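Hi,

Here is the structure I said I would pass on. Have a look at it first, and then read my notes below.

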Amino acid sequence: MKSNLIDWQTFIGSLIVLLCVTVPLIFFPEAGAEIINMANSFMTGNFGVLYLILGLVSFAFLLFVAFSKNGQIKLGNKDEEREFGTFSWAAMLFAAGIGSSILYWAMIEWAYYYQGPPFGITPESEEAISWAASYGIFHWGPIAWAIYTLPALPIAYFYYVRKTPVLKISEAVRPVLGKLVDGPLGVIVDVLFIFGLMGGAGTTLALGTPMIAEGIHDLTGIPVTLGLKAAVMLLCTLIFAVSAYSGLRRGIKVLSDINLWLAILLLLFIFIVGPTVFISKTTFTSIGIIADNFFQMATWLEPFGNMVGFTKTGFPESWTVFYWAWWVVYAPFVGLFVARISRGRTIREMILGTMIYGTIGCLLFFGILGNFGLFLQLSGTFDVIGYMDEFDAPATIIAILNQLPLSKVMVGLFTVLAIIFLATTFDSSSFILASVVQKQVRSEPMRWNRLFWAFTLCLLPLVLMFIGGLETLQTASIVAGFPVMFIMLLLAWSFMKASSHDIKQSKNYDSPTIHINRREILEKIRLEKEKKQ
Ligand code: NM2
């Protein structure tokens, strides 16, 4: 074990933060849950507007960069080929950034909106149904993907253009913070990022575990108990720990490929065997509804909810704000990952690729899985809403699948896919966490380090499950995401500062693809400095 490679301050700092949250929750579960819930309402109630501003600003910023000079910069040397073809690039991106939650929410999100629509619309009305089919797609759409892509800009830029192997968020904000990064502030930035990712992972596990357990129950008859859920969590941990341990090429890539093919199989089957025409029409109509109401959806905060004569629905806090926070906590990690696989592309290609392919991928899941359930409800084939009122969301998801032909095979496929989806997000998370707590990463972080973070990611969810606080964890992203919002701003600023500076110094200023030769620029800066002295 080469312990001198580890950045102990960040390593221990993150563990301390994790223990500071976990230990009090073990000893004072009720008070702890109350405090977390209070913190959540406080954040979403008072700062919800900040999350929505961040979403819209990220979206506008990325479009601006994509079509500016900075977007023309190529990530890599002049004649460097793209490291991955567009198809595998998009597949890996999707597998890392999207986990089992897409299966959960694509299946069931519409049912919540159907009963509790936005904008003061009457529940279960025709209008409510149109919004129900559309809002989920919006929450997994271009703004969300813009949040994901923003951190990739500075990270990819430093990695492939300035050629500093940055695998730390703190390094990516160096152009703004300067030498402060080498002090406690740098450690704080990294620890906050790690804490944020743990919050996001907590939300994912808290949703995914009961759904997978329900699938296993349906197939084997084993009752859904705490023991089963704990076993599911440990099984998933084991799978992604093995994958993270095996590394990028053997573990992570293999799982991503399987993930992609299984997902295509599931979606195709439901699309063809299910109500194909209804699914196509409703999905297409939703695209129009979102395009028409894009800014309204992106800014709606129900400002008069608390006033006399108004009924507060809490929709923005429970949904849009919660979602943006959840994307924010995952964003720096996805940024590190996207950066790593984007060599040879221009910044513009990276931005538009993530936003377009990401949105299309999510649209397919929501369009096919969600509208299948909606069809069952509206055609009177199966009362999804009634079932959900009696049981819970995970049980309803499996019940919807049971309406398909070959239902047991489909439930099996869905459950395996959920496990793999979870694993492909968590193996790359462990990989990135391990990289962030190392001073240097040659090609991959050390193995024991990767394994350590794989298990650590599950510690908090496992503990919370035993004290009955899994629900508390579903909103963990909100609190954990608050500081990460400010890191996002620093990241955007850093990218603009560094890349604009380099473009100005660069010779190939007006070619359609800008090649920045870092060596030349450094030489220039050195000469200028010498002149000044
Ligand atoms: N996001 C995409 O659980 C997961 O699917 C991981 C969740 C941020 C909503 C990501």
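Phe28 counts as exposed, because its relative accessibility is 55% and the cut-off for exposed is over 50%. Do keep in mind that this is a predicted model. You will find Phe28 in the loop between α1 and α2 (29–66). Phe28 also belongs to a nonpolar surface patch of about 570 Å², together with Leu19, Val23, Ile26, Phe27 and Leu459. Which helix gives the most to that patch? That would be α1 (residues 8–27), with 4 residues.

While you are on α1, take a look at Ile16, which lies in that helix too. With a relative accessibility of 47%, Ile16 counts as partly exposed, because that class runs from 20% up to 50%. Ile16 and Val191 are 175 residues apart along the chain, yet 9.7 Å separates their C-alpha atoms.

Next, have a look at α10, which covers residues 184–220. This helix has 37 residues, and from its first C-alpha to its last it reaches 52 Å. That is close to the 54 Å expected at 1.5 Å a residue. Is α10 mostly covered or mostly open? Mostly covered: 27 of the 37 residues in α10 are buried. Just after the helix comes Gly221, with a positive phi near 85 degrees.

Helix α7 (residues 152–161) is mostly covered as well, with 10 of its 10 residues buried. If you want to click through the buried residues of α7, they include Pro154, Tyr157, Phe158, Tyr159 and Tyr160. After α7 you get to Lys163, where phi is again positive, near 60 degrees.

Another residue to find is Ser342, in the loop between α14 (315–341) and α15. Ser342 is buried, since its relative accessible area is 0% and anything under 20% counts as buried. Ser342 and Leu75 sit 267 residues apart in sequence, but their C-alpha atoms are 7.3 Å apart in space.

Now for the empty spaces. The second largest pocket holds about 450 Å³ of space. Its lining is made of 20 residues, and those nearest the centre are Phe94, Leu260, Tyr357, Gly361 and Leu364. Three helices, α3 (86–97), α12 (248–273) and α15 (347–378), each supply at least two residues of that lining. Which of them has the largest share? It is α15, with 7 residues of the lining of this pocket.

There are also cavities: the structure holds 2 of them at 30 Å³ or more. The largest cavity has about 120 Å³ of space in it. Around that cavity you will see several aromatic side chains, among them Trp140, Tyr148, Trp326, Trp327 and Tyr330. Gly97, Ile98, Gly99, Ser101, Thr204 and Thr425 line the largest cavity too. Helix α14 gives the largest share of this lining, 3 residues.

If you only have a few minutes, I would start with the patch that holds Phe28, then go to the second largest pocket and its lining from α15, and finish at the largest cavity with its share from α14.

Cheers

How values were computed: Residues numbered from 1 in each chain as written. Predicted model: local features only at pLDDT ≥ 70, side-chain atom pairs only at ≥ 80, totals over all residues. Heavy atoms only, no water. Patch = residues over 30% accessible without salt bridge, like charges linked within 9 Å, V, L, I, M, F, W, Y side chains within 5 Å. Areas by Shrake-Rupley, 256 points an atom, 1.4 Å probe, with all protein chains shown as cover. Salt bridge = Lys/Arg side-chain N within 4 Å of Asp/Glu carboxyl O. Buried < 20%, exposed > 50% of the residue type's maximum accessible area, 1.4 Å probe, protein only. Expected span 1.5 Å × (residues − 1). 1 Å grid on protein atoms, 1.4 Å probe; cavity = no way out; pocket = protein on both sides within 12 Å on 5 of 7 lines; lining within 4 Å. Points joined across faces, edges and corners; volume = space filled by probe spheres on them.
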